[in-house]
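Please work through the exercises below with the sequence and the model open side by side. Each task is followed by a solution that goes step by step.

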Amino acid sequence: MRQMGSPVGTVRALYRYMVKSTAGEALAAVEVTRRGLRDDRRWAVYTNDGGIASGKRTRRFRPVPGLMQWSSSTAEDGVPLLTGPDGRSYRADEPAASTALSSALGRELRVQPETTVQHHDETPLHLLTTSSLAALDDLTGAQVDERRFRANIIIDTGPERVFTEDAWIGAELALGPEVLLQLGPGMPRCVMVDQPQAGVDAGAKALKVLGAHHRAELGLQAHVLRTGMLRAGDPVTLHLRSGAA
């Protein structure tokens with residue numbers, strides 16, 4: 001059991017996805033707001049029935065095969081740049097972006113910012129540890145690229161090869177001198193983890209393995225209790241509630 005206020009690692013990587021369900025960008029530093037990493041999934045691609053383009057089908061989401069072959073990054077003024085497999089880029093706020101996506105993916109699509117329906121799946125933030133990734137490597141028999149799981153924060157927890165964050169559910173996590181998170185339950189996984197995305201091969205099948213060995217979950221959901229700047233290399237400290245196991 002981790003003791004209250006015990007160091008558990010450092011921030012190894014930060015990822016932001018300017019347009020939901022596209023490949024994202026690695027950051028050295030980013031502001032954490034109540035909504036999560038600033039501008040994370042602020043924009044999305046919408047289908048003609050008002051659904052949010054994704055890799056799965058739910059009440060909010062619609063599967064749009066091929067969307068993850070596109071990537072998104074930040075333009076100078078904060079508007080996302082969408083880049084297709086051919087290397088051509090489009091500002092998300094210009095009609096050419098929607099036209100290019102519609103033509104490439106063979107259906108009517110439009111790119112727009114978030115309004116009253118949130119673009120995040122379960123929670124504003126999603127984190128993973130290197131220990132859990134190593135445990136999954138052992139189960140699949142191959143190294144699994146962390147980017148397949150589209151987490152915002154990767155925490156380096158050292159050489160352990162276990163699903164270490166299972167013991168963190170319900171705890172608070174301090175990252176660097178400013179940011180404090182409330183950790184929730186495990187992050188449920190779907191078919192998206194086995195689909196290729198821009199710059200990332202699909203590799204070994206992970207969803208079936210997670211279903212058999214770890215409730216089809218990997219990483220934790222998280223809400224922001226205290227906002228601030230977060231940087232790669234920041235120390236991470238776990239604060240368990242009194243009596244937590």
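Helices, as the word is used here, are DSSP runs of at least four residues in state H or I, strands are runs of at least two in state E, and the elements are numbered from the N terminus. The model is a predicted one.

**Exercise 1. Describe the loop positions of Arg 41 and Ser 21, and decide whether each residue is buried or exposed.**

Solution. Begin with Arg 41, which is placed in the loop between S4 and S5. Its phi is positive, at about 55°, although the residue is not a glycine. For the second part a cut-off is needed, namely that a residue is called buried under 20% relative accessible area and exposed over 50%. Arg 41 has a relative accessibility of 9% and therefore counts as buried.

Ser 21 can be treated in the same steps. This residue sits in the loop between S1 and strand S2 (25-27), and its phi is positive, about 70°, although Ser 21 is not a glycine. With a relative accessibility of 2%, Ser 21 also counts as buried.

**Exercise 2. Place Arg 88 in the chain, classify its exposure and list its contacts.**

Solution. Arg 88 belongs to the loop that connects strand S9 (80-83) with strand S10 (89-91). Because its relative accessible area is 53%, Arg 88 is exposed. When residues up to four places away in sequence are set aside, Arg 88 touches Leu 82 and Thr 83. As a distance check, the C-alpha atom of Arg 88 is separated by 9.5 Å from that of Ala 100, a residue twelve positions away along the chain.

**Exercise 3. Work out which faces the side chains of strand S18 point to, and which strands pair with S18.**

Solution. First follow the side chains along S18, residues 235-239, where they alternate: Val 236 and Leu 238 point to one face and are buried, whereas Pro 235, Thr 237 and His 239 point to the other face and are not buried.

Next look for the partners. Strands of a sheet pair through backbone hydrogen bonds, in a parallel or an antiparallel manner. Strand S1 (residues 6-16) is joined to S18 by four bridges, and the two run antiparallel; within this pair, Gly 9 stands opposite Val 236. Strand S14 (residues 172-175) is likewise joined to S18 by four bridges in an antiparallel arrangement, and here Leu 173 has Leu 238 as its bridge partner.

**Exercise 4. Give the strand order of the open sheet of three strands, and explain why one side of S4 and of S17 is left without a neighbour in the sheet.**

Solution. The order is S4-S3-S17, and the pairing is antiparallel. Strand S4 (36-37) and strand S17 (228-231) stand at the edges and have a single partner strand each, so one side of each is left without a neighbour in the sheet. To inspect one of the pairings, take strand S3 (residues 29-33), which four bridges join to S17, with Ala 29 standing opposite Arg 231.

**Exercise 5. Determine how many residues of helix H2 are buried, and what they pack against.**

Solution. Helix H2 covers residues 130-140, and nine of its eleven residues are buried, so H2 is largely enclosed by the rest of the structure. Among these buried residues are Leu 133, Leu 136 and Asp 137. The buried residues of H2 pack against S1, strand S12 (125-129), strand S13 (153-156), helix H3 (207-213) and strand S16 (217-226). Just beyond H2 comes Gly 141, with a positive phi near 80°.

Helix H1 (residues 95-105) can be read in a similar way, its buried residues being Ala 97, Ser 98, Ala 100, Leu 101, Ser 102 and Leu 105. These buried residues pack against strand S5 (43-47), S9, S10 and strand S11 (109-113). Gly 106, just after H1, takes a positive phi of about 75°.

**Exercise 6. Set these details within the chain as a whole: what is its secondary structure, and how does its radius of gyration compare with that of a compact globule?**

Solution. The protein chain has three helices and 18 strands. For 245 residues, a compact globule would have a radius of gyration near 18 Å, and the chain agrees with this at 18 Å. Of the 245 residues, 54% count as buried. Among contacts with a separation of 6 or more, 73% come from residues 24 or more positions apart.

Methods
Residues are numbered from 1 along each chain as its sequence is written. Side-chain values use heavy atoms; hydrogens and water are left out. The radius of gyration is taken over C-alpha atoms; the globule rule is 2.2 Å times the number of residues to the power 0.38. Buried means under 20% relative accessible area, exposed over 50%, partly exposed in between (1.4 Å probe, protein chains only). Contact means heavy atoms within 4.5 Å. Two strands pair if DSSP finds at least two bridges between them.
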